[in-house]
Amino acid sequence: MNRPHAFSKGHSAYPRGSAFSISPNSFQPRSQPALRRRRQLFQRLCLLAGVSFLLTILIFPSWRAAVIPTLSLGLIHSSGDLQLQTVRYYDLSEVQGSEKGWERGERVLMLTPLRDASSHLPMFFSHLRNLTYPHNLIDLAFLVSDSRDDTLRMLSSMLQEIQNDADPKMSFGEISVIQKDFGQKVQQDVESRHGFEAQASRRKLMAQARNWLLSATLRPTHSWVYWRDADVETAPFTIIEDLMRHDKDVIVPNVWRPLPDWLGGEQPYDLNSWQESETALALADTLDEDAVIVEGYAEYATWRPHLAYLRDPYGDPDMEMELDGIGGVSILAKARVFRAGVHFPAFSFEKHAETEGFGKMAKRMKFSVVGLPHYTIWHLYEPSVDDLRHMDEMEKERQAQEQIEREHELADKQKQSSNSESQNDAEKGSSEGPAAQPPKDAAKGNSKQDKS
Ligand SMILES: *[C@@H]1O[C@H](CO)[C@@H](O)[C@H](O)[C@H]1NC(C)=O
């Protein structure tokens, strides 16, 4: 019963209070020499650790690389930071491609191979301007090859113009122009370009060009790749979104072309988009290992269902059709298809090359490949030599016909005027030739009208 007593004593308890008075000796600070000895030991240990660390780093350089970055937070500043700045990390799961890429800021690499294409460039740039997919999300890449016209110069100046446009929404992302010849020797005119003999080698060279262009320009930031030819005449401004919405690995629209009225007004253009058939597979088996089947020629009757022929102008534009081979006029593909190694074979892959081989290879790697039979874009109509000859004949015929009509008219007028006795006027009219010029223009106008 000490405590109550101490408290009751008040002042006597405080200065010699229980807390201080129990056993003062046990809390006495250590003697100075003991403290100094301990500090010295610690310093020596540190020194030893430091020296052995430095030695290890000198002896095992590879160890250095592993250790320095983890210490670089504060210790080894300059050299560590310089190394880190040259390393970039990408998470490709962020760029897989989704059905509403424009909302998620997904970048599209738009690729266009060009060859003697200066006459098509103004139209192509008009299409570019009209694209509704956000331009800043589109990177453009061009391959100019085997050209003898001034494609490259025109391209440069038109690119400069569009990038400097007053409208900030007009300019595109990164732009690459690559020039490389692939030795396309075939004349670029329509006749020889589409002749059967030239097809296989032409397609293999095109394949090389496409692979070259793609591998030189595909970046880890791209979610989509859009291949688009320069000679498309009419296409919806929303085409990238329209194709993207289907969320397929590879997708193509239907491609037709307008024709003059006397040739029927319109015609399927791209016959490279098709579904495989038993007949074609049997045919492929009979062919040489290096043979390349090119679709749309009588030489190879494959009886495949073609995307082009399934078109119904009033059909549902969203309807899909599974494809095996595809054409290259306008292809939207997820970038991961190319990253997985699918490419445009410049050799016979399952008896096909280039875009048809690409479709087959993508299918083989379990990617989805589809076409839209009722969603149509229009390829430029370039008259063939036959067409031109025919047009020439038609023009001559028309002129002859007009001549006959004029003579009849004149004869009629002469009859009438001989009645009214005023022959002078009629003769004057005939010498001026009130010829009918319009038919040619009218036909051209009509053939384009209902396509857009
Ligand atoms: C682009 O849009 C303008 C304005 O709507 C139109 O006149 C032009 O023909 C379009 N260009 C193409 C290539 O469709």
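In this predicted model, the residues around the ligand are Met123, Ser126, His127 and Asn130. Sorted by class, this shell around the ligand holds one nonpolar residue and three polar ones, with no charged residue among them. The points below go on to the overall fold, the nonpolar core and two residues in loops.

**Overall fold**
- The protein has 452 residues, of which 28% count as buried, and its secondary structure comes to 16 helices and ten strands.
- When contacts between residues at least 6 apart in sequence are considered, 80% of them join residues at least 24 apart.

**The largest nonpolar core**
- The largest nonpolar core has 67 residues, and those that touch the most other members are Val108, Leu111, Val225, Tyr226, Ile240, Val250 and Leu332.
- Tyrosine 226, once its neighbours within four places in sequence are left aside, is in contact with Val108, Met110, Ile240 and Leu332.

**Two residues with positive phi**
- Aspartate 116 is found in the loop that runs between strand S1 (107-114) and helix H6 (121-130), and its phi is near 45 degrees, which is a positive value in a residue other than glycine.
- Aspartate 116 counts as partly exposed because 18 other C-beta atoms lie within 10 Å, whereas 20 or more would make a residue buried and 12 or fewer would make it exposed.
- Lysine 366 has its place in the loop between helix H13 (354-364) and strand S10 (369-379), and its phi, near 70 degrees, is likewise a positive value in a residue other than glycine.
- Lysine 366 has 8 other C-beta atoms within 10 Å, so this residue counts as exposed.

Conventions
Residues numbered from 1 in each chain as written. Predicted model: local features only at pLDDT ≥ 70, side-chain atom pairs only at ≥ 80, totals over all residues. Near = placed C-beta within 6 Å. Nonpolar A, V, L, I, M, F, W, Y, C, P; charged D, E, K, R; others polar. Core = buried A, V, L, I, M, F, W, Y, C linked by C-beta atoms within 7 Å. Contact = placed C-beta atoms within 7 Å. Helix = DSSP H or I, 4+ residues; strand = E, 2+ residues; numbered from the N terminus.
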